[in-house]
Amino acid sequence: MTIETMPMSRALNAGLRKAMEDDPRVLLMGEDIGRLGGVFRITEHLQRDFGDRRVLDTPLAESGIVGTAIGLAMAGFRPVIEIQFDGFVFPAFDQITSQLAKLTNRHEGALSMPVVIRIPYGGHIGAVEHHQESPEAYFTHTPGLRVVSPSTPNDAYWMIQEAIRSNDPVIFLEPKSRYWQKGEVELEASALPLHASRIVRRGTDVTLVGHGAMVTTLLQAAALAEAEGTSCEVVDVRSLSPVDYGPILDSVRSTGRMVYAQEAPGHTSVGSEIAATVMERAFYALEAPVLRVSGFDTPFPPAKLEGTYLPDADRILEAVDRSLAY
Amino acid sequence: MTPIEAPLVRVLADDGSYAPSADAERYLPLIDALTDAELEQFYRDMVVIRAIDTQATNLQRQGQLALWPPSRGQEAAQVGSARAARAHDTLFPSYREHAVTRIRGVDPVDILKVMRGTSHGGWNPTDPQNGNTRIYTLVLGSQTLHAAGYAMGLAFDGRTGTGDPERDEAVVVYYGDGASSQGDVHEAMVFAASYDAPVLFFLQNNHWAISVPVETQSKVPLVSRGAGYGIPSVRVDGNDVLASYAVSRTLLDEARSGLGPRAVEAVTYRMGAHTTSDDPTKYRGSDEEQRWAQRDPIARMRAFLEGRGAPASLFQETDAEAADAAEDLRSRAITLTSPERSLIFDHVYSDPHPLMAEQKTWLNDYEASFEGGAR
């Protein structure tokens, strides 16, 4: 088995390359993704190797990128779009939610919309306004879209390929603060299904659940808790729509406690939905209410305050303590 | 300059006499080449679709439809452009292109499904019998981007620009003066021009976006916007079916030959309401409506055909055909039934989705829980 250690950014690049080699109808579109290779270099060298009709440096127009990708999908292509930063997806919001998400439904199944929208998202990179947001709830609230987020290089490599193979539109949220985090990538393994959640650390006292960049923070918190004698299980949700509740519920039934952590504001968030569902389905297993640790219900603050805004291991441990106190 | 004052391609005068404008010169060979049968077909198309449109308006008034967007007055722009498209071209309508869809083969009853609330789509655009005509789009201007992207795909696949017009494909996208203010239309023109996409932007300036006049959408003739994108654009009398046909045919063939996108502003007039939900007397005067009634596209073409010696039987036969089509529409429309409730869940996703399966099962169980198995 071929195993290579690489950062998530390279894993995504390798996954995109593999998908393009496997299927000539896959094409990449976005601002600065060609010659520059993307502002995060995720598409580096792909235009050089596949040409400028498979890797398109588009005009600077997000609605235009998504809307023309819809037309290209109607013409039989499988477009993979890059939205340069999370906060810039909103000019394309109408094309994503009113068109892309609904076209299969409006066509009563006569049409599939195999479009992937890659969005580097989340904070922790000290960027300016509109460059650090977590917009996942807007999309998980929209029927017709699938929403996923990898947390490791290996998952990034496989999930991008699975997302491109999906016949449905996929919002692919890349935790940009983890682009440079290295990990082992099994280049020939069989992929975990796109919509499977996954237990990434075993524990017995409290279940910690999260997605994207927060999975690493949860693992840090679990390690700190262990030093204090508390055993935490960590679940990576991976797919935010649909959610694979099996491993989450199994874990909660064994620990009786759950904490959800996310960068996004907590109000009507992915964590809210998962917490509500766990309470509906595992009520009698719970020893304490499901707790949420999240960004505040405010705009993302100026970067010098992001350390205060974003949940860290200490905030997660505080919630663990509260859960154990019930 | 107000929008009405820009140069205009016109072949028929308001009274139906053959009186080409100076700008019509280059298109006249195409019109000279039209056979009597083709000219008569243009007329029949317009008369039949008007009867269908009137019938649909009546059906809405009688509570059979939630809504109807009438096309009365815009028949020439639609018939001319739709007849100019080749069979292998792909058309992206907005929501008033009843003449276009019918010419391409879409059953008008399928449009009524949308308006009656039995479907969000109405017809399958991948079924060849629907003439490569995409379904109606209600969000203004959205479809211009889809059309530009589709045309980009044609270019990338080498399905256009080979020099063989019998094979080269192109796209027509329809939108209105109101939609022309939408950002998506701007972005569609940028993308289409950047990638030399073979798409004809066909704008029907019907002068009113519900109650807001075209002067609020643009301080310049809408045709002049194309130049800013490097898109050659032509202004045509949209109530002149011959001019609409010849201009569309010419620009479409230019686009398909690899020259890039083209645009038309068809100057026309919506003689009815925006939809059956509004009341035009609240926002425009009857003098204006009377003025445009003098330019009625059907009366104009009829006068032209009569001037060429068309027999009275042609008009009688056409009226009978239109009456039959309208009656057929009525009888089939009122029998449209509600779709199966599984329609709610079955096509939200293409691949299996656990939440859909779960909620469908819940609903079935819930319905089955009532005595007799149904509420």
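Helices and strands here are DSSP runs, a helix having at least four residues and a strand at least two, and they are numbered from the N terminus. The exercises below concern a predicted model.

**Exercise 1. Backbone features of chain A**

Task: Locate T268(A) among the elements of chain A, state the sign of its phi, and decide whether the residue is buried or exposed.

Solution: Begin with the position, which is the loop between β13 (258-265) and α10 (270-281) of chain A. In the next step, the phi of T268(A) proves to be positive, at about 45°, although the residue is not a glycine. For the last step, the cut-off for an exposed residue is over 50% relative accessible area, and T268(A), with 60%, is therefore exposed.

H124(A) can be treated in the same manner. Its phi is near 75°, again a positive value in a residue other than glycine, and H124(A) is placed in the loop between β5 and α6 (136-140) of chain A. Its relative accessible area is 45%, so H124(A) is partly exposed.

A further backbone feature is the cis peptide bond between S241(A) and P242(A), with omega at about -5°; P242(A) belongs to the loop between β12 (239-241) and α9 (245-255) of chain A.

**Exercise 2. The surroundings of S151(A)**

Task: Which residues does S151(A) touch, leaving aside those up to four places away in sequence, and with which side chain does its own side chain make a polar contact?

Solution: First, S151(A) sits in the loop between β6 (146-148) and α7 (153-165) of chain A. Second, its relative accessible area is 1%, and because buried means under 20%, S151(A) counts as buried. Third, the residues touched are M8(A), Q181(A), R198(A), G212(A), V215(A) and D236(A). Finally, the polar contact is made with the side chain of D236(A), at 2.6 Å.

**Exercise 3. Salt bridges within the chains**

Task: For E82(A) and R118(A), give the N to O distance of the salt bridge and say where in chain A each partner lies.

Solution: The search over all chains finds 41 salt bridges. In the one between E82(A) and R118(A), the closest N and O atoms are 2.9 Å apart. E82(A) lies in strand β4 (residues 78-82) and R118(A) in strand β5 (residues 116-121) of chain A, so that this pair links parts of the chain that are 36 residues apart. Both E82(A) and R118(A) are buried.

Task: How many residues apart in sequence are D14(B) and R300(B), and is each of them buried, partly exposed or exposed?

Solution: The salt bridge of D14(B) with R300(B) has its closest N and O atoms 3.0 Å apart. D14(B) is in the segment before α1 (28-32) and R300(B) in helix α11 (residues 297-307) of chain B, a separation of 286 residues. D14(B) is partly exposed, with a relative accessible area of 33%, whereas R300(B) is buried, at 1%. Both belong to a network of salt bridges that links R10(B), D14(B), D237(B), R295(B) and R300(B).

**Exercise 4. An aromatic pair in chain B**

Task: Which parts of chain B does the pair of F156(B) and Y195(B) tie together?

Solution: The count over all chains is 26 aromatic pairs. In the pair of F156(B) and Y195(B), the centres are 6.2 Å apart and the planes are at 80°; since planes over 60 degrees apart count as edge-to-face, that is the class of this pair. F156(B) lies in helix α6 of chain B and Y195(B) in the loop between α7 and β3 (199-205), so the pair ties together parts that are 39 residues apart in sequence. Both F156(B) and Y195(B) are buried.

**Exercise 5. The interface**

Task: How many residues does each chain bring to the contact, and which salt bridge joins E358(B) to chain A?

Solution: Chain B brings 41 residues and chain A brings 47. The area buried between the two chains is about 3400 Å², with 57% of it from carbon and sulfur atoms. Two salt bridges are found across this interface, and one of them joins the side chains of E358(B) and R281(A), at 3.2 Å from N to O. There are also 23 residue pairs in polar contact between chain B and chain A. On the chain B side, α6(B) gives the most, with nine residues, and by class this side has 19 nonpolar, 15 polar and seven charged residues.

Key
Residues are numbered from 1 along each chain as its sequence is written. Chains are lettered from A and ligands numbered from 1 in the order in which they are written. This is a predicted model: local features need pLDDT of at least 70, side-chain atom pairs count only at pLDDT 80 or more; totals for chains, interfaces and linings use all residues. Side-chain values use heavy atoms; hydrogens and water are left out. Contact means heavy atoms within 4.5 Å. Buried area is the accessible area (1.4 Å probe) that two parts lose on being put together, summed over both. A salt bridge is a side-chain nitrogen of Lys or Arg within 4 Å of a carboxyl oxygen of Asp or Glu. A polar contact is a pair of N or O atoms within 3.5 Å; within protein, one must be able to donate a hydrogen and the other to accept it, and residues adjacent in sequence count only if both atoms are side-chain atoms. Ala, Val, Leu, Ile, Met, Phe, Trp, Tyr, Cys and Pro count as nonpolar, Asp, Glu, Lys and Arg as charged, and the others, Gly among them, as polar. Buried means under 20% relative accessible area, exposed over 50%, partly exposed in between (1.4 Å probe, protein chains only). Rings of Phe, Tyr and Trp (its six-membered ring) pair if their centres lie within 6.5 Å; planes under 30 degrees apart count as stacked, over 60 as edge-to-face and the rest as tilted.
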